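Me: I am new to reading protein models and would love a close look at one part of this one. Could you walk me through the sheet in the second chain, and then show me what surrounds it?

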Amino acid sequence: MSNVTSERRSGGLLPSHARPGRWQRLGRNKTPYLFLAPFMIGFAVFMIFPLIYVLNLSVFRTKIIGGKTFVGLENYVKAFQDPSFWEGVRNVLTFGLIQIPIMLGLALLAALLLDSAVIRRQTLFRLGFFLPFAVPTVVAALMWGYLYGQAFGPIAQIARALGLDPPEFLTSGTIIPAIANISTWQFTGYNMLILFAALKAVPHELFEAARVDGASGIQIALRIRIPLIAPAIVLTGIFSIIGTLQLFNEPSVLRAVAPTIIPPNFTPNLYVYNLAFQNRQFDYSAAISFSLAAITALLSSLVLFFAYRRRLLR
Amino acid sequence: MQRRTFQPAVPGLAAVFLLAGTLAACGGTTASPSSASASASAPSASASAPSASASAPSASASAAGPATEITFWSWVPGIQKQVDEFNASHPNIKVKYLNAGAGNAEYTALKTALQTNTGVPDVVQIEYQHLPSFISHGDLANLVTLGANDIKGQFVDWTWAQVSQGDGVYAYPQDAGPMIMMCNKALLGKYSVVVPTTWDELVQASTKLHAADKKVYLTNFTADQGHFFGLLWQSGAKPFQVDGQNIKINFTSPEVTRVAKLWDGLLKSGNLSPIDTYTPDWNTALAKQTIACWTAGAWGPSLIESAAPDLKNDWQVYQMPQWDASKPINGNYGGSTIAVTKASAHQQEAEAFDRWLNTDPKITLDLTGGDANLFPATKATLSTPSWTDVKPAFWGGQQTHKVMAEGAQQVDVAFGWSPFTDFVYTTYAEELTAVKAGTITFEKAMQDLQDKSTAYAKDQGFTVLP
């Protein structure tokens, strides 16, 4: 009997007037929303709204004769059967297969060298590696377009001065490596910086312990440092895949120098641009944009899955 | 076509920047200088959009007194002068001029204005190849009801055919680009190569010249769409025939095939320079005399003059090489029309200005000079001695305008464009990349163009007739 009353009492330990009301709870919790608001508003206006707008565009088709009609997924079906689109996808994938390993390999090597005591004047080297990233992509492409030039480029001029045939950089067979070279030049420093920051976060006691155990510098790099910064490497890998699939500036600028080498569908983004602003097929180009986003998401997920396969399957 | 302002590049870094500037100004039209013509003088379309919408066609001319206000979009350099003259001599009409960008930049602004029905200009410049697209969309006023046929006889016949569809007339021709061939005569003479007058001779000449000097080529390979369609036109081909919602597409006719085979042969022979027209390399090649000839519109000479200023008196203008020397045909490459929009609230005044601008003898002659540098589209100006007898300094005393005027009379009247030139041009550029890479022949590219254009036309709701 007394137990029951005590339970009741304990159940009502808090006087009802002291309980936070609905309004009060919101009042207490609204501070984080206020702080989030500037971002959320920007996100909604500049991300969510355009996405819905484009998605809406992509399910219509505007004909010269017949006007605008709802076509559902027809544009997407067309996109997945469009050889011009897939040729662009194939180009960027080829580009990625060549460029990403080279760039990340160089970035990793540079980061390891900078983090070890091998190199003096670290800041200078770090800045030097990073500097190309500060050059706008369009300017970089213009600059390389000049360097690659057949009749007026300095490389061609040097070759001619030496009595050699100037090397051709902008031909059908060499255009992908030529663009890969520009991207590598530009983004190696950026990736190096991410990897370098990750290396800095690794406790140095680990290396010292390894050294005491008699591990060489290379062994420490391969067995300790690289495994420890693996998440950062995966991150740079995913950034690179996304960047690769969205390749646009370099081919777009180089088209002025090599119009017969770079077609309007050289990369999917270039294709989207030309469909929308040259052909005025806004609806179809919207569908291609979404298809490209789907492919990017799929590839990124695949990389993540393989990178963390063991952890996921455990 | 005011090609003169399509800045030919000085060899060097500046060249690349110049070209990229051109690119930016044209909203990314790369291989198409036909729309890039006056880009250097064109501010971006977006910058001019606000002022365009501010001057939406309306009867609110209260501030300007009784004068009816109309807006005019054009990218002809220095045309403000002609607009001022019109306003001075026509007190009851006030034309407000706006440069809304050159070629594609202007069309993008125009399309946006048409879509939202705000700020649509009353009078607007449109290139020949893009006119059918605007006609099909129903954007342009039929000028026949405003008396267009009264001035029909004043224009060169083929230019009139270009602005007509069925019984309607949808613009007045402003300028033209009849094709010509320009050759470095001194260079050809050095290797005793005769200037070709037929395409067969051109093939032989290119073999002979390249054999004589491995560094020198007669001409080059280009992906430029305007150039290619000019060549088809010059071959007597009729790739598109439009009649309302019906369209005939033919990229497999003998007239098309012989052009394709010619370039296939030249490509295979290795006697063709791989440098594309309008690139910095091309400018260098002209200056260094490794490319001897160029076929282009009548606006071409100014580009040669600025690419190779040191070669004064070496170059000459010739008629196009012919397929059948006994039946000479010419094609057109470039040029614009001036149309009146259907959305205009003052079509009558707009037509009056359009008519004055393109038929007034003084004005059409003035526009052939100065910054505009237009090639005339009226019969009167084409035969005016003060124009025909000009001997431009660079061309060694040759009366170049006479050669061009003769070529202008030979342009095939029956050539027509599709209502979706943008698509055709993009597809052509795609195909030509494969041709250049050697994965397909030019002839195959034509078959692809046939198939893809047919599919697109059906997709756009046209009935494709066999």
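Reply: Happy to help; we start with the sheet in chain B and then move outward to the rest of the model. Please keep in mind that this is a predicted model.

Let's begin with the order of the strands. In chain B, five strands make up an open sheet, and reading across it you meet β2-β1-β3-β12-β6, with mixed pairing. In general, strands of a sheet pair through backbone hydrogen bonds, and they may do so parallel or antiparallel. At the edges of this sheet in chain B are β2 (93-98) and β6 (172-173); each has a single partner strand, so one side of each has no neighbour in the sheet.

Packed on the sheet you will find helix α4 (residues 80-89) of chain B, which touches β1 and β2 of chain B. The direction of this helix makes about 170 degrees with that of β2(B).

Now look further into the sheet, at one pair of strands. Strand β1 (residues 68-73) of chain B and strand β3 (residues 123-127) of chain B run parallel and are joined by two bridges. If you want a place to rest your eye, find B:W73, which stands opposite B:V124 in β3(B).

Stepping back, chain B as a whole has 20 helices and 13 strands. Of its 466 residues, 56% are buried. Contacts in chain B also reach along the sequence: among those between residues at least 6 apart, 77% join residues at least 24 apart.

Next, see where chain B meets its partner. Here 40 residues of chain B are in contact with 30 residues of chain A. Among the elements of chain B that give two or more residues to this side are α1 (13-25) and α5 (104-116). The most comes from α19(B), with nine residues. By type, the residues on this side of chain B divide into 20 nonpolar, 14 polar and six charged.

Finally, a word on how far to trust chain A. Its mean pLDDT is 86, and 90% of its residues reach 70 or more. Confidence in chain A is highest in helix α4 (residues 83-115) of chain A, at a mean of 94, and lowest in helix α1 (residues 2-11) of chain A, at 44. Over residues 1-14 of chain A, pLDDT stays under 50, and the model has one contact beyond four places in sequence for this stretch. Where pLDDT is low, predicted coordinates should not be read in detail.

Notes
Residues are numbered from 1 along each chain as its sequence is written. Chains are lettered from A and ligands numbered from 1 in the order in which they are written. This is a predicted model: local features need pLDDT of at least 70, side-chain atom pairs count only at pLDDT 80 or more; totals for chains, interfaces and linings use all residues. Two strands pair if DSSP finds at least two bridges between them. Helices (H or I, at least four residues) and strands (E, at least two) are DSSP runs, numbered from the N terminus. Two residues are in contact if their C-beta atoms, placed from the backbone, lie within 7 Å. Axes are lines fitted to C-alpha atoms, for helices over the stretch in contact, and angles run from 0 to 180 degrees between N-to-C directions. Ala, Val, Leu, Ile, Met, Phe, Trp, Tyr, Cys and Pro count as nonpolar, Asp, Glu, Lys and Arg as charged, and the others, Gly among them, as polar. pLDDT is the predictor's confidence in each residue, from 0 to 100. A residue is buried if 20 or more other C-beta atoms lie within 10 Å of its own, exposed if 12 or fewer, and partly exposed in between; C-beta atoms are placed from the backbone.
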